[in-house]
Amino acid sequence: MEHAKSGPSSWPELADVVPVPQDDGPSPVVPIAYRDDFREVMDYFRALYFTGERSPRALRLTTEAIELNPGNYTVWHFRRLILEALDFDLLEEMKFVGKIAECNPKNYQIWHHKRWLAEKLGPDIANNEHEFTMKILAIDAKNYHAWSHRQWVLQALGGWETELEYCNQLLKEDVFNNSAWNQRYFVITRSPLLGGLTVVRDSEVDYTIEAILANPQNESPWRYLKGLYKGENNLLVDDERISGVCFKVLKNDWTCVFALSFLLDLLCTGLQPSDELKSTLEPIRSSHPETADADPVTVVCCILQKCDPLRVNYWSWFKATLSQVS
Amino acid sequence: MADEAELAADQHVRYIVTVEKVTSAATAPFPPYAPSTPPSAFQRPLLSSAQKKDSFESLVMEHIRLNGAYWGLTTLDLLHKLHAVDAAEVVDWIMSCYHPESGGFGGNVGHDPHVLYTLSAVQVLCLFDRLDVLDVDKVADYVAGLQNKDGSFSGDIWGEVDTRFSYIALCTLSLLHRLHKIDVQKAVDFIVSCKNLDGGFGAMPGGESHAGQIFCCVGALAITGSLQHIDRDLLGWWLCERQCKDGGLNGRPEKLADVCYSWWVLSSLVMIDRVHWIDKEKLTKFILNCQDKENGGISDRPDNAVDIYHTYFGIAGLSLMEYPGVKPLDPAYALPLDVVNRIFLKK
């Protein structure tokens, strides 16, 4: 990030300005040692800030200050006042903040500034913003700020057409990306183009089951699967594909915690006994003779207590509370 | 190693009081050594190399100095060492961050008001039992004025909305006994609209569940007596799933453990009465392994650089697990329990 090689004290346009040092109060609780170049920029910034100057040279100073420390929210605040007063080219400004954001992708002030600009620029900027968040997510696919911004742009300015495909792409790159699964849910429930959750549910179940079978130790698609039937748990139990994926995963590996806990959920929601259930629990029962005569919920809880010892208290609670219900 | 599993409380106190305070002034922050007191507790602070390295770090954090004061001072109180700082000096400095025209506090002297720093200011004044210095209604009006039509809260006049600000606003107003100045029901409605299918909460409706945002939403619901909106078993399970094999807690599925989640996740679990679902012993070991036992301070994960933020959250997590020698902390208000009791039982 390039900034002026010589500090503001050498800028001719600031020759008439008296710099104002940071006032930490008479007995500062936490006084800190300042680095000289930073100190100089901030002293000049304060001078113009306290006089309320809204000018190109003030704008240039905020650029310097931001490049040195983009976390300083007061500088951003002042910059917005200047931008408004000068009726500055907001597209230019969007380019500027984009450069800063690339180097500081987790900075709240920067993302908020982008949103402020995007609100003013309107739907025409939607594509630019989606391309930008895509760039950030390509480096860190879980950047919370980028996802928040992307969701806001979709809802305020549009661009839904390719969003589900984008989720597909991200999940292909990393099927463990919880943010991408969250975005998928966001799209299928809120996109004005897809018809809503019930319309896409069938294809989403197939998609999710495929993801689970490829990587059963992945937390996100199990939760996503449950979420597809939110509020309609009876349908969850009736859909044979759902119990089917549990049985399939457990046949391969009966220690898979996510499959076991999903099966528990199904049992507690009314999954009926079946030959498949019996044969799935068979290897568990035979390796744990103490569960030979226990009901299915108790069997699953017992094995979970062993396979997921970090959460043994949770599984004990589950066993104690719900094994009576099933 | 035998002392691996201990809290280096004295070193942390020294870190907070000295590393954050790089001054050439002669006045010693600690009283002189007296024969009846153990020398380790009252050593004259040394300008360590960590301070010089940290001076640029501190420099770029000058605008959030008020947050740093809250983290540092609350930690001192948790370790029974709040008296190590001069209360009157702190209160003066806090008030120099106050904007009488708006009623809000900035992150440092000369910085614009924002709810983030307003809450920290109120919390620090609570620590010292000095809410009397405030024009309470003015401050409360500043916060209340930031509520939007949909019940959400903006951080400042620029309009950024986030469930963090809902928590901050409700916590501030509750501590000031001024919740009636806002539409509490709408505030609750907005938070509930941020609830996700996994039982967690995001920054905005539809936002991914994240332990930090969950703390804010659960805290807000706790403060407003609205915990019935939470599916405690579902959220409790999501939260205890944050515990990783190394014993630490992460903030979202498939992310690395970080000491600060010892607070965000744990306080949420305490508020919904599910804290027994995590392995406390393993978490305690994880936090203790993140200490710099020589220079003091705690880092995000073992062997990384320490900072005041993680020092606070690590010790806060230990407090919630009732670690000996650490004061109990209120999970909703993030202040020592005795401070919260004083505020709500005195009036």
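In this predicted model, K142(A) touches residues of two chains. Leaving aside neighbours within four places in sequence, K142(A) is in contact with L137(A), W147(A), D174(A), F176(A), N177(A) and S179(A), and also with R252(B), P253(B), E254(B) and K255(B). The residue itself lies in the loop of chain A between α6 (126–139) and α7 (144–157).

The surroundings of this lysine deserve a second look. K142(A) is buried, yet has no salt bridge. The nearest side chain of opposite charge belongs to D174(A), 4.5 Å away; a salt bridge requires the nitrogen and the carboxyl oxygen to be within 4 Å, so this pair does not qualify. A polar atom of the K142(A) side chain does, however, lie 3.2 Å from the backbone oxygen of E254(B).

Attention now turns to chain B. The domain assignment divides this chain into domain 1 (13–134) and domain 2 (231–347). Where these two meet, domain 1 of chain B contributes 19 residues to the contact and domain 2 of chain B contributes 27 residues.

How much area do domain 1 and domain 2 of chain B bury between them? The figure is about 1,900 Å², with 69% of it on carbon and sulfur atoms. Within domain 1 of chain B, the residues that lose the most area to domain 2 of chain B are Y15(B), W71(B) and L78(B), which together account for 37% of what that side buries.

Charged and polar groups also take part in this interface. Two salt bridges are found across the interface of domain 1 and domain 2 of chain B. The side chains of K327(B) and D77(B) meet in a salt bridge, with 2.6 Å from N to O. In addition, nine residue pairs, both members at pLDDT 80 or more, are in polar contact between domain 1 and domain 2 of chain B. On the side of domain 1 of chain B that touches domain 2 of chain B, at least two residues each come from α1 (9–19), α3 (65–78) and α5 (115–127) of chain B. The largest share of that side, eight residues, is supplied by α3(B).

A last stop is D300(B), placed in the loop between β3 (298–299) and β4 (306–307) of chain B. Is D300(B) buried or exposed? Its relative accessible area is 17%, and because buried means under 20%, D300(B) is buried. The side chains of D300(B) and N304(B) are joined by a polar contact of 3.0 Å. Leaving aside neighbours within four places in sequence, D300(B) is in contact with A257(B), D258(B), V259(B), F286(B), C290(B) and H310(B).

Key. Residues numbered from 1 in each chain as written. Chains lettered and ligands numbered in written order. Predicted model: local features only at pLDDT ≥ 70, side-chain atom pairs only at ≥ 80, totals over all residues. Heavy atoms only, no water. Helix = DSSP H or I, 4+ residues; strand = E, 2+ residues; numbered from the N terminus. Buried < 20%, exposed > 50% of the residue type's maximum accessible area, 1.4 Å probe, protein only. Lys, Arg positive; Asp, Glu negative; His and termini not counted. Polar contact = N/O pair within 3.5 Å; in protein donor to acceptor, adjacent residues only side chain to side chain. Contact = heavy atoms within 4.5 Å. Domains from an automatic or database assignment. Buried area = accessible area lost by both parts, 1.4 Å probe.
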